[in-house]
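Please look over the sequence and the fold shown here before reading on. The paragraphs that follow lead from the sheet to the ligand site and then to the domains.

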Amino acid sequence: MTVKKTYPRDLETPCLVLDLDILERNLAKMQAAARDAGKDLRPHVKTHKCSALARLQIDAGAIGVCVAKVSEAEALVGAGFDDILITGPVATTAKVERLVDLVAAAPSTMVVIDHPGNIALLDAGLGARRLSMDVLLDVDVGLHRTGARPSDALALAGQIVACPRLRLRGIQAYAGQVQHIRRYEERKHASRRCLQDAVHIFRELQASLPDCAIFSASGTGTFDIDLAVPETTELQVGSYVCMDTEYLEIESAGNGSLPAPFDPALRLLTTVVSANHDHFVTVDAGLKSLYRDGGTPQVIAPADGAWTYDWFGDEYGRITRSDDSALPRLGDVLELVTSHCDPTVNLFDHYYLTRGDRVTGRWPIDLRGCSQ
Ligand SMILES: Cc1ncc(COP(=O)(O)O)c(C=O)c1O
């Protein structure tokens, strides 16, 4: 992992920092990987929740973006975006009404469907406004969170096609359960195995429905593996842009012999606020600013690997030594890679932007809290 060994000193902590040089490299690498494989990129903005960053992804060549929730799509349409895929199904009349408003404002908005109930709700909501929309069939490829069972998928596709308000444009097959398998070969086999059903379903649909042309899949852990599957047409990767220790801990291709493809652009800065003990000091980032999930936060600056972070309540963290080096002193600012980027980002209002040691600006995390 390439990390920056310095950090900006003029920021109030705890705060999130995006290293623009690393961020731009991550964007360019993923875009090039998709382009070289002849596929599209529709990155998931649930990771960074920031329309300014989504704009960079579009400018870099993405064909659109994915969101998890209708309220995220509303914020993006308000900011002038279109070509948005909502990757979770909608299941209530109230949510469908909001979705139909979105379709009226941005007709290219797509949503996934995984149940006949979704079809009935969408048919009623769209019919009331004389609108129609593009949809993807969500196929459960083993995560069992959303998605139709593979054995039910073709019948559900038939029901979608029979609804004149809905245009079936393809399938979504997100294998979240394999993304963090540590061993690369194991991850590769698991991803291949679980996409098999989706590949068969997609082929069947394509044989009779020429407009059914989208196979949207993948995450940061399997992006290169899924690009090599001939049927996939687009990646809905999210974390690659920011990265976190959960992803840095998995092996890359060549059984880990190749460098990790993406570096951590997202950092959390935290200050030592109490230093009265021989074996630890206390910093100002706890559960309310560093989400406890996934990997272990990693202190990378001013020293990389010398100290270990652990949560110390809502507002505080505890820093201990990993080796013989001295502990940081009162007032020192430490730079951490977060354990799980998505929920950590959702705790902050802004990213500070840096190039080297310079703070160059600030982006609002404007989709923060859009969880409806
Ligand atoms: C449906 C869906 N697609 C894509 C992604 C992106 O995955 P990653 O952040 O691992 O790249 C996620 C993340 O949770 C997701 O829920």
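In what order do the 8 strands of the open sheet lie, and is their pairing parallel or antiparallel? In this predicted model, the strands follow one another as β2-β9-β8-β7-β6-β5-β4-β3, and the pairing is parallel. The two ends of that order are β2, residues 40-41, and β3, residues 65-67, which stand at the edges with a single partner strand each, so that one side of each is left without a neighbour in the sheet. As a general matter, the strands of a sheet pair through backbone hydrogen bonds, in either a parallel or an antiparallel sense.

One pairing within this sheet can be followed in detail. Strand β7, which covers residues 166-173, is joined to strand β8, residues 214-217, over 4 bridges in the parallel sense. For A173, the bridge partner in β8 is A217.

From here the reader may turn to the loop between β7 and α7, the latter covering residues 184-208, for this is where A175 is found. A175 counts as buried because it has 25 C-beta neighbours inside 10 Å, where 20 or more are required. Once neighbours within four places in sequence are left aside, the residues in contact with A175 are V141, G142, L143, S191, C194, L195 and T222. One of these contacts, S191, lies 16 residues from A175 along the chain, with 7.0 Å between the two C-alpha atoms.

Next comes the ligand. Which residues come nearest among the 14 around the ligand? They are Y174, G219, T220, G238 and S239. Sorted by class, the shell around the ligand holds 11 polar and 3 nonpolar residues, and no charged residues.

The last step is to the division of the protein into domains. Domain 1 takes in residues 20-242 and domain 2 residues 260-364, and the centres of the two, taken over C-alpha atoms, are separated by 33 Å. Where they touch, 18 residues from domain 1 and 15 residues from domain 2 take part in the contact. On the side of domain 1 that touches domain 2, the elements giving two or more residues are α1, residues 20-36, and α2, residues 51-59. The largest share of that side comes from α1, which supplies 7 residues. By class, the side of domain 1 that touches domain 2 is made up of 9 nonpolar, 4 polar and 5 charged residues, whereas the shell around the ligand has no charged residues.

Methods
Residues numbered from 1 in each chain as written. Predicted model: local features only at pLDDT ≥ 70, side-chain atom pairs only at ≥ 80, totals over all residues. Domains from an automatic or database assignment. Contact = placed C-beta atoms within 7 Å. Nonpolar A, V, L, I, M, F, W, Y, C, P; charged D, E, K, R; others polar. Pairing = 2+ DSSP bridges. Near = placed C-beta within 6 Å. Buried ≥ 20, exposed ≤ 12 C-beta atoms within 10 Å, placed from the backbone.
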